[in-house]
Amino acid sequence: MTITPLCQSPILQHETVQMAHGAGGRLSQTLMQRVFMPHLHNVFLDILDDQAKLDLPAGRTAYSTDTYVVSPVFFPGGNIGELAVNGTVNDLAVGGAKPMYLSAGFVLEEGFSLVELETIVISMAEAARKAGVMIVTGDTKVVGKGQCDKIFINTSGIGSVMDGVNLSCRNLQPGDTMILSGTVGDHGMAIMTSREGLSFQSKITSDCAALNSMIAAVLEVVPAIHAMRDPTRGGVAAALNELAASSSVGIEINEPSIPVKPDVRGACELLGIDPLHVANEGKLVLAVSSEYTETVLEVLRSFEHGRDAVTIGEVVDDHPGMVVMRTAFGSRRIIDLPLGEQLPRIC
Amino acid sequence: MKYIDEYRDPQLARKLLDEIRRKTTRHWTIMEICGGQTHSILRNGIDQLLPDTIELVHGPGCPVCVTPLESIERALEIAAKKEVIFTSFGDMLRVPGSSKDLFMVRSEGGDVRIVFSPLDALQIARVNPGKEVVFFAVGFETTAPANAMAVYQAAREGIENFSVIVSQVMVPPAMRAILLSPDNRVQGFLAAGHVCAVMGYAEYEPVTREFNLPIVPAGFEPVDLLAGILKTVELLEEGRAEVVNLYGRVVSREGNRVAQDTIAKVFEVTDRQWRGIGLIPGSGLTLKAAYSSYDAEKKFNVTHICTGESPLCKSGSVLQGMLKPDACPAFAKECTPGHPLGATMVSSEGACAAYYNYHRTGFPI
């Protein structure tokens, strides 16, 4: 059966998610037809089968999944919907894959605003369009009030791995250059400073963005890049530590070279948080043999999301598994994994 | 960024270091009181850059570290109560009691929330009249004014569902306790800049006279710290027992009178247990009788709870500058930030955590 999205009455401000919206009956259909289909419809989704049947290109396929529970759901610079699309797109892209198809699973809290849900769905459609991927299958469940926080979204994605590309966190070699695509900490601080109870205002916006076109472009030019990571939770510090540990090499970075926006730096100063530990949602860390450094930087800088790309350090033989920072004063310190929740200092 | 970049200027830092080297003729042991300063020193590697003759020892100025285990056990007991919304600065949540921490209480269903100000906790009480809102009022003279203000406001507005666990401590009595210890090695102090911002530096003048040593209120940025160390070295070399304020952009001799008045309205001086150190007479603040109905420990009747420390933890010696964190046998072995034996390994201002995070053993310098 193929359905054409119907012209539906607009969703009213006071309308909210009801338990019956997730019960598989008439209200479930209404939710599909009024909220999801008008924005997400495509040749796969319109069929309304329980699965999408896909033709994949020959070669290796990358497959990734992530679940999004961000609070607040709407934050400066984005919302949970575009985050859910871009996050999975980036997880595929940093593996050297061209993202193609996404699934989307929604857990909705009873009482959540349908207008807000539609806004989120519209953002997902827009993010998917920008990234050149299709949301081809999905699911919605509703849980009672208080059993989830407004909306949780899971997205899975598949993509086709580019020929001749072999990215792995185990590939770092001593002498590699570490490159970062832009400023650190924007997403995490946008979230922290917009949370309830944190009574200061800032202009920090999330860097939430799909990086697949930039990544594909850089891999076209330099397929020999050794490893890429999108430094999300745990920030650049966690990404570097994972790379160092997986490849059993040391990484040395230069403090003055790490780009941090002044507002983000200010908020981090106030809260006592290291920007290197703060999440990013539109940044890339990569390791490449030093002869390609300038080429990679040139390609990255030709993209909006890579215009601040810089070399932040290099891979070394010493201290395997450990990331060391050279400070502006000529001293050195360990850059460790952040431990658990980020806690503001108390005085 | 104004007020930050100029105090992190590497060239200025190098000049100060050269000057410190030039002025130093012998070994000096200087204690920075404040945990925030300790972290800045370790984070920026200032200890690596100083000449070997200047030894920095780390003081007790970490409120989370010195909050007695009893207070934490009582907080855990209160936070687990169904009717309670327990609020705290974030650092306190990971401090282990004898069997759990506040995060574990939260995972077991306790309503434990991080706030950035005690006035936010008071606001939670206003909008949750059916709940008891408790704030964990820890800290030095820096947090005392806001904590006092929250209680004062609650009383003024007649808010009865708000109370505080008070574990307020003060710097000058701790300095005296360190200097009176037979094992004391401290020859000069960097005083904690933000404590001095509230209290002024006049209260250190008697300490310099009584113990014949220099005290230099200093800030937290690398240039602040190096300038403070340089001034302390100069005073030591010249044999001058004086207070010289190097944090003039924040600290005055008299301090913040409004803040002091607020403290005096609500709190009075009391003897206080310091975790790892013991009882220091006249070193704490407690609620005045007029505000005793805001004392959470009395309200929830938990004053009977007492407990003991891990025998492996040497945080008392660390907090008094007698033991460097990495000289503790448990450091980075039984005791890590993931499994802290004492609060000095937990807090973002604890000396053991600073050593672990930035310098742990095996670290190539």
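Me: Okay, contact here means heavy atoms within 4.5 Å. With that in hand, which residues is B:Tyr204 in contact with, leaving aside its neighbours within four places in sequence?

Reply: Bear in mind that this is a predicted model. In it, B:Tyr204 is in contact with B:Val171, B:Pro172, B:Met175, B:Ala191, B:Val195, B:Cys196, B:Ile215 and B:Val243.

Me: And which residues have the most contacts inside the largest nonpolar core?

Reply: B:Tyr204 is one of them, along with B:Ile78, B:Phe86, B:Phe136 and B:Phe189. That core has 58 residues.

Me: How many residues are in the second core?

Reply: It has 39 residues and is separate from the other one. Among its members are A:Ile80, A:Ala84, A:Ile120 and A:Ile153.

Me: Back to chain B for a sec. Is B:Ser88 buried or exposed?

Reply: B:Ser88 has a relative accessible area of 0%, and buried means under 20%, so this serine counts as buried. You'll find B:Ser88 in strand 3 of chain B, which covers residues 84-88.

Me: What is B:Ser88 in contact with, beyond its neighbours within four places in sequence?

Reply: B:Ser88 contacts B:Leu93, B:Arg113, B:Ile114, B:Val115, B:Phe135 and B:Phe136. You've met B:Phe136 already, as one of the residues with the most contacts inside the largest nonpolar core.

Me: Nice. Where does B:Glu237 sit?

Reply: B:Glu237 belongs to helix 12 of chain B, residues 222-238. Its relative accessibility is 26%; that lies between the 20% limit for buried and the 50% limit for exposed, so B:Glu237 counts as partly exposed.

Me: Which residues does B:Glu237 touch, not counting those up to four places away in sequence?

Reply: B:Glu237 touches B:Lys23, B:Thr24, B:Thr25, B:Arg26 and B:Trp28. For B:Arg26, the C-alpha atom is 8.4 Å from that of B:Glu237, although the two residues are 211 apart along the chain.

Me: Switching to chain A. How many helices and strands are there?

Reply: Chain A has eight helices and 13 strands. Its radius of gyration is 21 Å, close to the 20 Å from the globule rule for 347 residues, so chain A is as compact as a globular protein of that length. Its C-alpha atoms fill a box of roughly 65 × 55 × 30 Å along the principal axes.

Me: What share of chain A counts as buried?

Reply: Of its 347 residues, 54% count as buried. Chain A exposes about 14800 Å², with carbon and sulfur atoms supplying 51% of that.

Me: How about charges, how far apart are the mean positions?

Reply: They are 3 Å apart, for 24 positive and 39 negative charges in chain A.

Me: Any odd backbone spots? Which peptide bond is cis?

Reply: The one from A:Ser71 to A:Pro72 is cis, with omega near 0 degrees. A:Pro72 lies in the loop between strand 1 (61-68) and strand 2 (74-75) of chain A.

Me: And what is phi of A:Ser248?

Reply: Phi is near 50 degrees there, a positive value in a residue other than glycine. A:Ser248 is in the loop between helix 6 (235-247) and strand 9 (250-254) of chain A. Its relative accessible area is 53%, and exposed means over 50%, so A:Ser248 is exposed.

Me: Last one: what about phi of B:Ala332?

Reply: B:Ala332 has a positive phi near 60 degrees. It sits in the loop between helix 15 (315-319) and helix 16 (351-359) of chain B, and at 32% relative accessibility B:Ala332 counts as partly exposed.

Technical notes
Residues numbered from 1 in each chain as written. Chains lettered and ligands numbered in written order. Predicted model: local features only at pLDDT ≥ 70, side-chain atom pairs only at ≥ 80, totals over all residues. Heavy atoms only, no water. Helix = DSSP H or I, 4+ residues; strand = E, 2+ residues; numbered from the N terminus. Rg over C-alpha atoms; globule rule 2.2 N^0.38 Å. Buried < 20%, exposed > 50% of the residue type's maximum accessible area, 1.4 Å probe, protein only. Areas by Shrake-Rupley, 256 points an atom, 1.4 Å probe, with all protein chains shown as cover. Lys, Arg positive; Asp, Glu negative; His and termini not counted. Charge placed at Lys NZ, Arg CZ, Asp CG, Glu CD. Core = buried A, V, L, I, M, F, W, Y, C linked by side-chain atoms within 4.5 Å.
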